[in-house]
Amino acid sequence: METKYINISGLEQWFDAISASGKRIYAPVSARGQVDFMPVKHLNEVAKEYIQTTQSVKASVYPKAEVLFSYEKVHGKVNLTDFDPESVSETVLWKVHPCDAAGFKPLSAIFNWDTTDKLINAHLLKTTVVSYSCATADESCFCTSVNGSPGNVSGSDIQLTILSDGGAIAEILTAKGEALVALLPGVFEADRGDKKEKYLVDLPAKFSLEEVNAKLNKAFNSTVWKEQSERCIGCGACAFVCPTCACFDIQEDTHGSKGRRIRCWDACGFALFTMHTSGHNPREHQSQRWRQRILHKFSYMPERLSVVGCTGCGRCSRACPVDMNILEHITSIAEQ
Amino acid sequence: MSEKNIYLPYLMTIDKVTKEAPGVKTYRLKFQDEAEAAAFDFKAGQFGEYSAFGEGESTFCIASSPTRKGYIECTFRDTGRVTSGLASLEEGSTMGFRGPYGNVFPMDEWKGKSLVFIAGGIALPPMRCVIWNALDLRENFKDITIVYGAKSVNDLVYKSELKEWTDRPDVKMVTTVDPGGETADWKGEIGFVPAIVEKVAPSSENTIAIVCGPPIMIKYTFPVLEKLGFKDDQIYTTLENRMKCGVGKCGRCNVGKLYICKDGPVFSREELNLIPAEEY
């Protein structure tokens, strides 16, 4: 790892060099009243004043719908065309927050814990993450409660900390990061000794992960699930904006003799998620589904995959149409 | 070698179609690729994702025994989009298969023991794989008892095999139908599976009970077995939660800390006690 300084015009030149290299750049863009990751060509298109993008950056490595393979039926036979990793473009994710970058580890753990997942690995391999440490936060943010921090570098190839002069501390963390710097190395100057901590938002932890985990181990039959989820409408918004939610459905898209098998985002909050063909549903009530969501993230994943299924980004609380607040709910479980 | 796409199915030819009961069919499938056929192996208890191209994938056990080489069989009821797509295929058609997935019945550990198979309705197929596996290695086991029940005589699957098992002197076969499901010439039992198990009262000594059926049947059969002296590590079942990927990623069959598709589908009752009963 190496730390450098880059000034404001250097940043713009470097961005242009990345753009000119043919890599796709996805960055937060303000459009239609919200900020979300979109393809950009120039640094001035990147959104400035906002706390969090509405959607996480997850879709860049795990698209909402992705073709697993396609097929064609010819004279009673079937020809398969495999997913081609070469079809994935080299991509730079720019201005990713540390809570989004931290989501790549649990995502990869879910998809690769046993057999490996060719699709997400093709995306991860060709993705370079340039994160921005956080100088601001809002009441929904709680990364410091789930092993993260406003300057956490997990999942980042380069992390930039924007200084008061508009320049940045550049922490070059991986070989991919070095390769990105190598596109225009001249704009990177020696580290000036700026203190990164000075530029990070102060965000005290709201709960202890260990305490929550211990409480959850005994909470399966608690009344808390029903109390907390009584207003849940099962819309799945929390799962769709989440940087680590990965549950999926497999669907078929057919036109005549040709078709594609497609992996689509799904959510454990939907009633149909576990419904058997017989009509029997092991998670019949919304409270059971809410319990599954919390236990999966804070109990099952830590035990099975050694990762927490939450990075504290707070999106689920911001997106919830009935104001369910994960931070409040987790805190109340910890305090029980 | 490039990374394997775990979602890409094997292409299979439907070699033989057997009509089992109203809406229920058994397909014998053969691999179209010889190298894939040669490399394929599975054990009793494993399952797969079967696909009708154009409709999607559905999860069933492998219903044939691993002792019968060169093909696999699946038995399914025409109930949803995929199964009706599969049901409309004919002999010679192509379908997809991914697998084998999941864990296995510990048949090696059961050597020298008696086996009691208890199955209800469309849950005989996962049991049939184990039954034939045991019968093909008959000398490895002591007494073999099969209790199988369905709603009506018409709903019983594998009718010719039921007869074969009934006729075998080395198998105790008990067939039952729900009250009202009998025909005029029905010679089997009449009553629900748990009650018939109680009546047959197999000894629990040095015996393994393998139970498979709808959740309600399992719920009422366990206490009967308990009464007969079966300990939790003598009782096995196979679960079929809803699944999509079959390989522990899609999240659908996650129950408690377990994935039915990876840690199961085979569980001893001892292992089942570790996961919340309301979720399977």
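How does the radius of gyration of chain A, with 336 residues, sit against that of a compact globule? Chain A comes out at 21 Å and a compact globule would be near 20 Å, so the two agree. The radius here is taken over C-alpha atoms, and the globule rule is 2.2 Å times the number of residues to the power 0.38.

Before you click around: this is a predicted model, where local features need pLDDT of at least 70, side-chain atom pairs count only at pLDDT 80 or more, and totals for chains, interfaces and linings use all residues. Residues are numbered from 1 along each chain as its sequence is written, while chains are lettered from A and ligands numbered from 1 in the order in which they are written.

**Stop 1: all of chain A**

Select chain A and line up its principal axes: the C-alpha atoms fill a box of roughly 65 × 65 × 40 Å. Turn on the cartoon and you get 11 helices and 12 strands. Those are DSSP runs, numbered from the N terminus, with helices being H or I of at least four residues and strands being E of at least two.

Buried residues account for 43% of the 336 in chain A. Buried means 20 or more other C-beta atoms within 10 Å of a residue's own; exposed means 12 or fewer, partly exposed is in between, and the C-beta atoms are placed from the backbone. If you draw a contact map of chain A, take the contacts between residues at least 6 apart in sequence: 71% of them join residues at least 24 apart. A contact is two C-beta atoms, placed from the backbone, within 7 Å.

**Stop 2: the two domains of chain A**

Colour 1-55 + 84-204 as domain 1 and 206-336 as domain 2; the bounds come from an automatic or database domain assignment. Their C-alpha centres lie 27 Å apart in chain A. Where they touch, domain 1 of chain A puts in 22 residues and domain 2 of chain A puts in 21. On the domain 1 side, pick out helix 2 (98-101) and helix 3 (104-112) of chain A, each of which supplies at least two residues. Helix 3 of chain A gives the most to that side, with 6 residues. Colour the domain 1 side by class and you get 12 nonpolar, 8 polar and 2 charged residues. Here Ala, Val, Leu, Ile, Met, Phe, Trp, Tyr, Cys and Pro count as nonpolar, Asp, Glu, Lys and Arg as charged, and the others, Gly among them, as polar.

**Stop 3: where chain A meets chain B**

Now show both chains. 43 residues of chain A are in contact with 35 residues of chain B. Among the elements of chain A giving two or more residues here are strand 4 (65-74), helix 4 (118-125) and helix 9 (286-305). Which element of chain A gives the most to this side? Strand 11 of chain A does, with 6 residues. By class, the chain A side has 19 nonpolar, 12 polar and 12 charged residues.

Zoom in on Thr274(A), in the loop between strand 12 and helix 9 of chain A. Thr274(A) is buried, with 25 other C-beta atoms within 10 Å. Leaving out residues up to four places away in sequence, Thr274(A) touches Asn281(A), Pro282(A) and Arg283(A), plus Asn241(B), Arg242(B) and Arg252(B) from chain B.

**Stop 4: chain B, domains and hairpin**

In chain B, select 10-101 for domain 1 and 114-238 for domain 2. Their C-alpha centres are separated by 24 Å, and the contact takes 16 residues from each of these chain B domains.

Next, show strand 1 (residues 10-21) and strand 2 (residues 24-31) of chain B, which pair antiparallel over 8 bridges. Pairing requires at least two DSSP bridges between the strands. Lys19(B) stands opposite Lys25(B) in strand 2 of chain B. In this hairpin, with 2 residues between the strands, Gly23(B) takes a positive phi near 80°. Strand 1 of chain B also runs antiparallel to strand 6 (residues 94-101) of chain B, with 4 bridges; Leu11(B) has Gly96(B) as its bridge partner there.

**Stop 5: helix 5 of chain B**

Finish at residues 193-200 of chain B. Which residues of helix 5 of chain B are buried? They are Val193(B), Pro194(B), Ile196(B) and Val197(B). Look down the axis of helix 5 of chain B: these buried residues fall within an arc of 160°, so they line one face of the helix. That arc is of the directions from the helix axis to the C-beta atoms. Their cover includes strand 7 (114-120) and helix 6 (215-227) of chain B. Just after helix 5 of chain B, Ala201(B) takes a positive phi of about 45°.
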